[in-house]
Amino acid sequence: MINELLGIQFNIEKARLDGKVQNLASYINKETLIASHKQMDKKKARGIDNISKEDYSKKLEENVANLVERMKNGSYKPNATRRTYIPKDGSNKMRPLGISCYEDKLIENIIAQILTMIYEPKFYDDSFGFRPNRNCHQAVRQLVENVQYHKVCYIVEADIKGFFDNVNHEWMIKFLGHDIADKRFIEIINKFLKAGIMEDGKYIDSEKGTPQGNGASPVLANVYLHYVLDNWFDVMVKRKYRGETYLVRYCDDFVCCFQHKWEAEKFYKELIERFNKFGLELALEKTKILEFGKFAKENRERRGLGKPETFDFLGFTFYCSENSNKSYFRCKVKTSKKKYRSKVKAMKQWIKLNRNMPISELIKKINQKLRGHYQYYGVTDNTRSVKSFLNTTRYLLFKWINRRSQKRSYTLESFYNGLLRTLPLLEPKISVSLFYR
């Protein structure tokens with residue numbers, strides 16, 4: 001598929017002259033659809049058509065030819081997405097997820113790759129979510145560096161209320177039309193936005209929003225916030241405010257840093273107005289201005305206040321601290337309490353449900369989960385939290401393997417000095433440095 005899409009690069013070069021990319025719909029063809037099919041995960045959930053990758057493969061050439069024909073004559077119409085709900089990490093609430101039909105997934109995949117090729121050169125370096133060669137740790141590192149090495153004294157911690165459910169379709173099409181001249185390609189995207197939702201057998205019109213789970217949804221979200229937030233912050237905030245200002249965004253999660261309190265307060269008010277214009281709303285109970293940075297402790301002590309407040313971003317709590325010699329300021333992170341409780345709860349539930357598994361297999365699976373936890377949370381300054389997670393996991397394992405029958409399987413002595421010496425749990429390690437790019 002990549003070789004087929006490389007022709008877009010010519011259009012992108014041409015776009016530097018006339019400002020817009022053209023002839024994109026032609027890249028949704030037999031070759032790219034078959035390549036998209038080969039890339040598809042066969043374990044993905046099925047949409048309302050109940051067709052899997054295996055089912056589609058049985059008559060692949062025929063199915064793709066039929067799809068291409070419908071794309072050409074304009075009769076193709078995406079099916080409604082099947083809405084399901086998954087637990088929201090760290091919360092009792094459920095997160096809506098949209099599952100597309102199989103051939104719709106093929107087209108979404110191609111659209112996502114085309115949009116990525118067009119917009120990657122346009123996106124700002126302050127944006128990290130769902131972009132090639134960018135990840136959460138880079139966003140966390142950038143935020144630490146902004147606070148630690150610059151004149152940051154105030155943080156605006158913001159939360160968008162139901163972002164994916166409230167994306168305004170008209171504005172989305174306008175944003176795409178700013179960079180793309182191919183009206184047919186934009187119309188295909190518009191059809192996906194308007195496809196609707198099936199929930200409990202009932203059809204619901206999708207007048208706004210872009211379903212989480214849709215293959216093109218992450219890059220569309222980045223396009224939307226590129227114009228609503230990133231570009232506005234660069235042009236109207238960073239260039240016009242007197243003090244230093246910084247933005248770090250990971251999809252719809254973002255944090256803004258300011259040197260002056262009055263500019264942080266001004267931005268807060270302007271942000272509410274800006275979002276209202278584009279159909280978005282801040283969760284005001286989760287959005288706040290807090291004093292934070294290298295001067296926060298001293299300034300708050302002078303006013304008779306307590307320690308600087310903390311804030312959460314991407315599963316980490318950021319707090320003001322010092323180096324081991326207390327000779328200079330450090331912005332440090334640790335696993336947020338909300339995420340820690342959620343991960344412990346998930347581990348407890350898994351061990352409880354799988355405690356009758358052969359012990360060697362049980363510990364092997366737990367180590368896989370621990371490795372995943374360390375790979376994400378094993379960052380600079382977070383040693384205590386990841387060790388605490390290991391100790392809690394040990395306790396949970398001891399508790400539940402002793403409940404496999406009425407008779408206790410292990411004492412503390414035989415568990416720690418016997419079982420865990422033979423089949424040790426994976427020790428934590430710091431796998432990500434927040435100091436070097």
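**Notebook: helix α12 and a four-stranded sheet**

I started just past α12, where G279 takes a positive phi of about 80°. Note to self: this is a predicted model, so local features need pLDDT of at least 70 and side-chain atom pairs count only at pLDDT 80 or more, while totals for chains, interfaces and linings use all residues. Residues are numbered from 1 along each chain as its sequence is written, and side-chain values use heavy atoms, with hydrogens and water left out.

Next I checked the length of α12. Helices here are DSSP runs of H or I with at least four residues, strands are E runs of at least two, and both are numbered from the N terminus. The 17 residues of α12 (261-277) should span 24 Å at 1.5 Å a residue, and the end C-alpha atoms are 25 Å apart, which agrees. The expected span is 1.5 Å times one less than the number of residues.

Which residues of α12 are buried (under 20% relative accessible area, 1.4 Å probe, protein chains only)? I found E263, A264, F267, Y268, L271, R274 and F275. They sit on the same side of α12, because their arc around the axis is only 145°, taken from the directions from the helix axis to the C-beta atoms. On the face turned away, I noted K269, E273 and K277 as exposed (over 50%). The buried ones pack against β3, α11, β7 and β8, with contact meaning heavy atoms within 4.5 Å.

Then I looked at an open sheet with strand order β2-β1-β4-β5 and mixed pairing (pairing needs at least two DSSP bridges). β2 (94-99) and β5 (202-204) are at the edges with a single partner strand each, so one side of each lacks a neighbour in the sheet. β1 (81-87) pairs antiparallel with β2 over six bridges, and P87 stands opposite M94 in β2.
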